[in-house]
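Colleague: I'm new to this one. Can you walk me through it?

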Amino acid sequence: MEGVNTINSKAVGGLNESLIVNTIRRRGPISRVDIAKLTGLTAPTVTNISGKLIEHGLIHEYKVGEYSGGRRPVLLKVNSEIANMIIVDIRSKEMIGYLINGGLEIKEQTCHDIQHLKEEKILALLENTIEQCYSSENGKLALAIGIIVRGPVISSEGLSLFSPSAGWHNVPLKYLVEKKFQLPVFVENDMRAMALGAYHYGPYRDIKNAVFLGVGGGIGSGIILNGELYRGLGDSAGEIGHTVIDANGPLCSCGNRGCLEAMASESALVNIMAKSIREGEKSLVSEMVKGDMDVIRTKHIYAAAEEGDLLAIKTLQHIAQYIGMGVANIINIFNPQLVLIGGGIVKGRGFMEETMMQVIKERALASCYSLTRIEFSSEGRQDALKGIVDVVMEGIFLR
């Protein structure tokens with residue numbers, strides 16, 4: 001397999017080859033005719049290049065497509081063993097290492113708790129996790145490393161500007177990991193990875209303008225404009241969680257007050273719930289945590305709401321108002337075809353959606369609101385995993 005991977009990397013020698021490989025990865029199984037339509041390449045060019053890619057084992061003829069007049073098309077699909085890669089997902093409370101192939105198949109997985117670890121320990125654990133994946137039989141075939149991290153990232157430099165879960169400030173992840181492992185490294189913010197995964201591998205690939213809003217311990221977004229991820233001038237676009245909606249609001253992790261993240265994230269949900277109980281309001285949540293407000297988690301609030309707990313429901317609806325304001329601002333600014341809301345907050349959708357939609361309708365301009373689809377997704381982390389694989393694969397074949 002090592003020989004195959006080496007040949008595969010060299011087989012994609014130009015932009016047209018890369019374009020066709022990436023189109024088949026994202027859209028396959030797909031016919032040569034449809035590849036030509038999507039890429040703008042001529043049919044002979046697609047035929048010639050796809051033949052070369054088949055010869056080198058990057059793609060294969062998967063099956064004959066359905067009849068629609070004329071000859072039935074032969075559908076092309078990427079070879080799942082086109083590449084192996086090591087992926088590390090640094091979440092709020094855990095770090096998960098994966099060995100994944102080009103067909104998005106997880107071959108190996110390892111998980112570590114990062115709660116209460118200091119910045120240096122988390123960085124050391126990142127290297128150990130990669131080492132653990134790399135030392136396996138399949139890991140030795142890895143062509144690249146992808147890292148998902150929370151917070152602002154300059155992806156082109158692989159620089160983590162600020163990661164609230166890891167406590168990092170200006171950590172050059174790409175430089176450090178490439179120096180140690182001698183493999184190309186690609187670093188991406190979790191929300192942008194989620195947007196790429198949902199856009200390229202979900203039911204939204206024909207939508208040209210969309211905002212994917214992730215609401216979990218923090219709030220961020222990935223913005224698709226004209227079918228491309230919008231990164232902004234400083235590679236920091238999408239930090240919607242740090243737009244201020246109440247100048248006198250609570251302190252945010254970024255240092256400002258009243259950010260959307262401080263008002264509407266799952267962290268805000270927990271803080272508001274704990275404060276309400278401390279001030280004397282009754283809730284099943286208090287019983288669930290045996291009166292210890294410091295151990296309240298979102299799972300307790302969602303569970304209490306399901307049991308009809310009035311304070312839990314009221315708190316979720318309070319959060320829903322601010323999420324609605326955030327979505328209304330997104331709609332007014334970008335006028336997108338779609339706003340997709342994902343992340344842990346989706347667990348409370350049944351208690352929040354009506355309030356959220358009412359606020360959006362009241363605060364978004366009617367001319368924008370009437371044209372926008374608003375949907376929810378529970379696939380946030382899976383989408384992020386697909387998105388970072390896409391970043392790594394595109395990077396491999398454009399190097």
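Colleague: Let's start with Thr23. Is Thr23 buried or exposed?

Modeller: One note before that: this is a predicted model. Thr23 is buried, because its relative accessible area is 10%, and the cut-off for buried is under 20%.

Colleague: Where is the place of Thr23?

Modeller: In helix 2, which covers residues 15–27.

Colleague: And what does Thr23 touch, leaving out residues up to four places away in sequence?

Modeller: Gly28, Ile30, Leu38 and Thr39.

Colleague: Let's move to helix 3. At roughly what angle do the axes of helix 2 and helix 3 cross?

Modeller: Roughly 110°. Helix 3 is residues 32–39, and the two axes come within 10 Å. Angles of 65 to 115 degrees count as roughly perpendicular, so helix 2 and helix 3 are roughly perpendicular to each other.

Colleague: Is that crossing left-handed or right-handed?

Modeller: The crossing of helix 2 and helix 3 is right-handed. On the helix 2 side, the contact is made by Leu19, Ile20, Thr23, Ile24 and Arg27. Helix 3 brings Ile35, Leu38 and Thr39.

Colleague: How many residues of that contact are nonpolar, polar and charged?

Modeller: 5 are nonpolar, 2 are polar and 1 is charged.

Colleague: On to sheets. What is the order of the open sheet of 3 strands?

Modeller: The order is 1-3-2, with antiparallel pairing. Strand 1 (30–31) and strand 2 (59–64) are the edge strands, and each pairs on one side only.

Colleague: Which residue is the bridge partner of Ile30 in strand 3?

Modeller: Leu76. Strand 1 and strand 3, residues 74–78, pair over 2 bridges.

Colleague: Which helix packs on that sheet?

Modeller: Helix 2 does, touching strand 1, strand 2 and strand 3. The direction of helix 2 makes about 95° with that of strand 3.

Colleague: Now the open sheet of 5 strands. What is its order?

Modeller: 6-5-4-7-11, and the pairing is mixed. The edge strands are strand 6 (106–113) and strand 11 (185–189). The twist averages 15° from one strand to the next.

Colleague: Do strand 4 and strand 7 pair in the parallel or the antiparallel sense?

Modeller: Parallel, over 7 bridges. Strand 4 is residues 84–90 and strand 7 is residues 142–149. In strand 7, Ala142 is the bridge partner of Asn84.

Colleague: Last one. Which helix lies across strand 4, strand 5, strand 6, strand 7 and strand 11?

Modeller: Helix 15, residues 380–397. Helix 15 runs at about 135° to strand 7.

Conventions. Residues numbered from 1 in each chain as written. Predicted model: local features only at pLDDT ≥ 70, side-chain atom pairs only at ≥ 80, totals over all residues. Heavy atoms only, no water. Helix = DSSP H or I, 4+ residues; strand = E, 2+ residues; numbered from the N terminus. Buried < 20%, exposed > 50% of the residue type's maximum accessible area, 1.4 Å probe, protein only. Contact = heavy atoms within 4.5 Å. Axes fitted to C-alpha atoms, helices over the stretch in contact; angles between N-to-C directions. Parallel < 35°, antiparallel > 145°, perpendicular 65-115°, else oblique. Left-handed = near helix turned anticlockwise from the far one by under 90°. Nonpolar A, V, L, I, M, F, W, Y, C, P; charged D, E, K, R; others polar. Pairing = 2+ DSSP bridges.
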